[in-house]
Number of protein chains: 2
Amino acid sequence: MERKRFFPKNTMRSATTEIPEKASAIMDAAERRIRTSGYNGFSFREIATDVGVKSSSVHHHFPTKPALAAAVARRYTDRFEAALAKAKSVEDWRAVFRKALVEDGQMCLCGVLGAESGDLPAEVSAEARRFFRRSLKALGQLYGPPSAVSRQSALRVMAMLEGAMMLARTLDDPSVFEEATRNLP
Amino acid sequence: MERKRFFPKNTMRSATTEIPEKASAIMDAAERRIRTSGYNGFSFREIATDVGVKSSSVHHHFPTKPALAAAVARRYTDRFEAALAKAKSVEDWRAVFRKALVEDGQMCLCGVLGAESGDLPAEVSAEARRFFRRSLKALGQLYGPPSAVSRQSALRVMAMLEGAMMLARTLDDPSVFEEATRNLP
DNA sequence: GTCTATAATTTGATAGAC
DNA sequence: GTCTATCAAATTATAGAC
């Protein structure tokens, strides 16, 4: 028994993202594929199959592949920042990366994009760059006011977390992540 | 004026690799492409164009795409180990990564493959795994005989170098690598 | 919004002449 | 070993009916 709706079904917005349900499902599928195979490793048809529609319907929501990937990266950055908005220590950061790796078995989306950023569409590499600029700024604040020292600490931690994730996945051994990131500065 | 040859021209071997000249040129092109765009980011036709032949000629030297990528990764590992055979400190390791990044503007081949290792052909991901296993072993020896401590040091340094490379490339700023990897343990 | 149909291109791979 | 020619499949993307 459905209750009366304040909005027609198709235009309902999720409380957090303001993105239509179907577009959200498409982005979910695309995010999973990109985090597994990279930007060049997914197709509109795969995404369509994942969601249960045809590829032309995916194009209706996202006109081009770069546009879809950029939207996914932007949402990823938003969620990442929300998850770490209240982070008090580098251990909170470590926990977010660990969770993605161990529970979801996934890489950092922007780590994957960054690795192949050599010839990514401009709008996609721009989102990857934005992710790291913002993350480094937030991470640096854990080490005091902006300075050469706090910046270096942020760079070291970010490099470590991203590198450890890639190593753990390649070696198919989560303990690699635990070992590499134990006792971060 | 050519001197007499001991081998027909086509089967001359390079002194270091024992790989025919043409196959070597194909691997050079493939390596450059993979380190820029990843495994899913290159095609036989692009490689053929780079080398100045047709794609069917590439297939003559390497029957399939996974076979070509695996051969490239194997040769990369060999060269990497040769370059670091006499390494006395972690600074030597850092120098090799820096050179690739700054002088050649390229990522670590196996770092790129590792990032998209989620659905790589088995023979390709196996080579990426082999690269890191062997590298970690060699790197650990800088920190004394095999132990939990030397293993952890190797993991930390490797994660840092790979992560710093990816960060520097994504942000298009070599100083990111310098900062992140200054004063490695 | 989703579908069918299709265009235009690219992909990995093979057959066979030279 | 390299070429031409070709294949079957997949790719991104668009037009238009419902």
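How many nonpolar, polar and charged residues are in the lining of the largest cavity? The lining has 6 nonpolar, 4 polar and 2 charged residues. The legends below cover this cavity, the largest pocket and the surface near DNA strand C in a predicted model.

**View 1. The largest cavity is lined by residues of chains A and B.** The structure holds 1 cavity of 30 Å³ or more. About 80 Å³ of space lies in the largest cavity. From chain A, the lining takes Met107(A), Gly111(A), Ala115(A), Glu162(A), Gly163(A) and Met166(A). From chain B come Met107(B), Gly111(B), Ala115(B), Glu162(B), Gly163(B) and Met166(B). Helix H6 (109–115) and helix H8 (148–170) of chain A each give two or more residues to this lining, as do helix H6 (109–115) and helix H8 (148–170) of chain B.

**View 2. The largest pocket has a lining of 15 residues.** Its volume is about 360 Å³. Nearest the pocket centre lie Glu31(B), Arg35(B), Tyr76(B), Ala100(B) and Asp104(B). Three helices of chain B give two or more residues to the lining: helix H1 (21–37), helix H4 (65–83) and helix H5 (90–102). H4(B) provides the largest share, 5 residues. By class, the pocket lining divides into 8 nonpolar and 7 charged residues, with no polar ones.

**View 3. The surface near DNA strand C draws on helices of chains A and B.** There are 17 residues around the strand. Those that come nearest are Lys54(A), Ser57(A), His61(A), Phe44(B) and Lys65(B). Helix H3 (55–61) of chain A supplies at least two residues of this surface. So do helix H2 (44–51) and helix H3 (55–61) of chain B. The largest share, 4 residues, comes from H3(A). The surface residues divide into 3 nonpolar, 9 polar and 5 charged.

**View 4. Lys54(A) and Phe44(B) each place a backbone N or O atom by a phosphate oxygen of DNA strand C.** For Lys54(A), the distance is 2.7 Å. For Phe44(B), the distance is 3.0 Å. Both residues are among those that come nearest to the strand.

**View 5. Arg45(B) meets a base of DNA strand C.** An N or O atom in the side chain of Arg45(B) is 3.3 Å from a base nitrogen of the strand. Of the atoms of DNA strand C within 4 Å of the protein, 55% belong to sugar or phosphate. The rest belong to bases.

Terms used
Residues are numbered from 1 along each chain as its sequence is written. Chains are lettered from A and ligands numbered from 1 in the order in which they are written. This is a predicted model: local features need pLDDT of at least 70, side-chain atom pairs count only at pLDDT 80 or more; totals for chains, interfaces and linings use all residues. Side-chain values use heavy atoms; hydrogens and water are left out. A residue is near a molecule or strand if one of its heavy atoms lies within 4 Å of it. A polar contact is a pair of N or O atoms within 3.5 Å; within protein, one must be able to donate a hydrogen and the other to accept it, and residues adjacent in sequence count only if both atoms are side-chain atoms. Ala, Val, Leu, Ile, Met, Phe, Trp, Tyr, Cys and Pro count as nonpolar, Asp, Glu, Lys and Arg as charged, and the others, Gly among them, as polar. On a 1 Å grid over the protein atoms alone, a cavity is a set of points where a 1.4 Å probe fits but cannot get out, and a pocket is an open set with protein on both sides within 12 Å along at least five of seven lines; lining residues have an atom within 4 Å of a point. Grid points are joined across faces, edges and corners, and a volume is the space filled by probe spheres set on the points.
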